Structure formats: structure tokens, C-alpha cells
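This note is offered as a colleague's reading of the structure shown below. Please read the points in order, with the model open alongside.

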Amino acid sequence: MAACAMNASSVPLAGCGAVMEASPAKRMAPPEKIAEAAAFLLGPTAGFITGSDLLIDGGVIAAMRAGKLPVPA
């Protein structure tokens with residue numbers, strides 16, 4: 001699977017179309033969504049969240065585990 005990245009305008013770069021189409025969300029998360037998750041983890045309501053991974057990937061990892069997306073080598 002090709003790596004996907006966005007340019008400064010939050011537009012996915014070439015090669016991301018197939019990954020986005022195969023992912024459950026069918027789109028890339030804008031930087032603001034990642035920032036919202038980080039802000040939550042830094043806030044008072046996340047005080048008892050420890051030792052956890054917060055996947056903000058639109059379901060890509062779940063799709064890989066289900067065999068719907070190839071796992072990168």
C-alpha cells in the first residue's frame with residue numbers, strides 16, 4: 001500500500017486514491033481532526049486514559065486486520 005500524505009491545503013497527494021477508496025471512511029482526515037483528538041487527550045476529561053493507542057485512521061487498521069486492505073511490508 002502506498003503511503004498517503006496531504007499537502008498544506010489538506011488535499012491528498014497522488015497515490016492516495018486507492019487507499020482512501022479501500023478505507024471504511026473513504027476519505028483522509030483533515031489536520032483539524034487529528035488536533036481535536038490531541039486536544040481531548042490533553043484535556044481534563046481524559047485524565048484516566050493511560051497506556052492506550054488512539055487510532056485516528058478512518059478504520060484503515062481495522063480493514064487491514066479484516067483482510068480488506070493489504071498490510072504494508
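The numbered points below go from the overall model to individual residues.

1. Nature and confidence of the model. The structure is a predicted model. The protein chain has an average pLDDT of 79, and 79% of its residues reach at least 70. Confidence is highest in helix 2, with a mean of 91, and lowest in helix 1, residues 17-22, with a mean of 74. Where pLDDT is low, the predicted coordinates should not be read in detail.

2. Secondary structure. The protein chain contains 3 helices and 0 strands. Read from the N terminus, the order of elements is α-α-α. Helix 2 covers residues 31-42 and helix 3 covers residues 60-65.

3. Burial, surface and contacts. How much of the protein chain counts as buried? The figure is 14% of the 73 residues. The exposed surface of the protein chain is about 5400 Å², of which carbon and sulfur atoms supply 63%. Among contacts with a separation of 6 or more, 29% join residues that are 24 or more positions apart.

4. The nonpolar surface patch. Which residues make the nonpolar surface patch? Ile-34, Phe-40, Leu-41, Ile-49, Leu-54 and Ile-56 form it, with an area of about 500 Å². Two of these members can be placed as follows: Leu-41 belongs to helix 2, while Ile-56 sits in the loop between helix 2 and helix 3. Ile-56 has a relative accessible area of 36% and is therefore partly exposed. Leu-41, with a relative accessible area of 39%, is likewise partly exposed. Both values satisfy the patch criterion of over 30% relative accessible area.

5. Surroundings of Leu-41. Setting aside residues up to four places away in sequence, Leu-41 touches Ala-46, Ile-49 and Leu-54. Of these, Ile-49 and Leu-54 are also members of the nonpolar patch. From C-alpha to C-alpha, Leu-41 and Leu-54 are 9.3 Å apart in space, with their positions 13 residues apart in sequence.

6. The salt bridge. How many salt bridges does a search of the whole structure find? The search finds 1. The side chains of Glu-36 and Lys-33 meet in a salt bridge, with an N to O distance of 3.5 Å. Why are the two residues about one helical turn apart? Glu-36 and Lys-33 are 3 residues apart in helix 2, so about one helical turn separates them. Each side of the pair is partly exposed: Glu-36 has a relative accessible area of 46%, and Lys-33 stands at 43% relative accessibility.

7. Backbone geometry at Lys-26. Most residues other than glycine have a negative phi. Lys-26 is not a glycine, yet its phi is positive, at about 65°. Lys-26 lies in the loop between helix 1 and helix 2. With 47% relative accessibility, Lys-26 is counted as partly exposed.

8. Gly-17 in helix 1. Gly-17 is part of helix 1, the element in which confidence is lowest. The relative accessible area of Gly-17 is 45%, so this residue is partly exposed. Along the chain, Gly-17 and Arg-27 are 10 residues apart, and their C-alpha atoms are separated by 8.7 Å.

9. Ser-23 between helices. Is Ser-23 buried or exposed? Ser-23 is found in the loop between helix 1 and helix 2, and it counts as buried because its relative accessibility is 3%, which is under the 20% cut-off. Leaving aside neighbours within four places in sequence, Ser-23 is in contact with Val-60 and Leu-69. Ser-23 and Gly-59 are 36 residues apart along the chain, with a separation of 6.3 Å between their C-alpha atoms.

10. Two residues of one loop. Ser-23 and Lys-26 are both placed in the loop between helix 1 and helix 2. Ser-23 is buried at 3% relative accessibility, whereas Lys-26 is partly exposed at 47%.

Key
Residues numbered from 1 in each chain as written. Predicted model: local features only at pLDDT ≥ 70, side-chain atom pairs only at ≥ 80, totals over all residues. Heavy atoms only, no water. Patch = residues over 30% accessible without salt bridge, like charges linked within 9 Å, V, L, I, M, F, W, Y side chains within 5 Å. Areas by Shrake-Rupley, 256 points an atom, 1.4 Å probe, with all protein chains shown as cover. Salt bridge = Lys/Arg side-chain N within 4 Å of Asp/Glu carboxyl O. Helix = DSSP H or I, 4+ residues; strand = E, 2+ residues; numbered from the N terminus. Buried < 20%, exposed > 50% of the residue type's maximum accessible area, 1.4 Å probe, protein only. Contact = heavy atoms within 4.5 Å. pLDDT = per-residue confidence, 0-100.
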